[in-house]
Amino acid sequence: MAKKAKKRANTKKTATRRPRQAPKMLSDLFHETLKDIYYAENKIIKTLPKMAKAAHSKDLAAAFNKHLRETQGQVKRLEQIFRMLDKPARSKPCEAINGITDEGAEIMKDFKNAPALDAGLLAAAQAVEHYEISRYGTLRTWAEELGMPEAARLLQDTLDEEEATDHALTELATSVINLEAEAEYREAA
């Protein structure tokens with residue numbers, strides 16, 4: 001019995017003697033968040049063509065296709081930032097964007113051929129934009145605080161595009177898509 005107790009005591013001492021992990025810094029958080037948005041952008045590249053194909057409105061499909069081209073450029077900017085960090089461009093799964101894109105897929109399934117499909121697609125796209133705006137604004141601020149002005153500039157360029165896309169989607173929603181969905185509903189009633 002005494003040997004077992006002594007062995008347990010030695011095991012506990014050994015466990016506490018392990019070297020401590022270095023504290024996580026803002027630069028670590030910046031890198032982890034960069035991997036998160038890199039995953040998100042690549043997921044969006046796979047999702048936008050499906051949304052464009054599902055859209056009834058030619059204007060909405062065109063907006064999705066335009067944003068697809070922008071997103072491809074945004075991925076290239078992110079890869080530049082990874083190079084600035086001397087890190088490989090790697091992603092880590094982003095549950096937030098998975099949830100948002102899953103909602104978009106659900107809308108495509110549940111509202112297929114329905115008058116409100118385009119309004120739902122547009123709302124799903126704006127949820128993505130709002131997520132991206134949040135991430136890029138945060139990353140830009142952290143890049144500034146970390147003394148990375150070139151990374152901050154690249155992130156601001158993307159943030160500007162995301163905000164412009166959100167604005168364009170709002171314009172499309174309020175001037176065409178939502179009105180068409182409501183008019184089709186009234187005609188059917």
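From the N terminus on, this predicted model's chain runs α-α-α-α-α-α. Residues are numbered from 1 along each chain as its sequence is written. In this predicted model, local features need pLDDT of at least 70, side-chain atom pairs count only at pLDDT 80 or more, and totals for chains, interfaces and linings use all residues, while side-chain values use heavy atoms, with hydrogens and water left out.

**Exercise 1.** Work out how many helices and strands the protein chain has.

*Solution.* Start with the rule: helices are DSSP runs of H or I with at least four residues, strands are runs of E with at least two, and both are numbered from the N terminus. Applying it gives 6 helices and 0 strands.

**Exercise 2.** Decide whether V128 is buried or exposed, and find its contacts.

*Solution.* First, place V128: it sits in helix α5 (residues 117-145). Next, recall that buried means under 20% relative accessible area, exposed over 50%, and partly exposed in between (1.4 Å probe, protein chains only). V128 has 9% relative accessibility, so it counts as buried. Finally, look for contacts (heavy atoms within 4.5 Å). Beyond its neighbours within four places in sequence, V128 touches I44, I97 and I100. As a last check, its C-alpha atom is 9.2 Å from that of D166, 38 residues apart along the chain.

**Exercise 3.** Classify the exposure of D102.

*Solution.* Begin with its location: D102 belongs to helix α4 (residues 95-110). Then read the accessibility: at 48%, D102 counts as partly exposed. For the whole chain of 189 residues, 39% count as buried.
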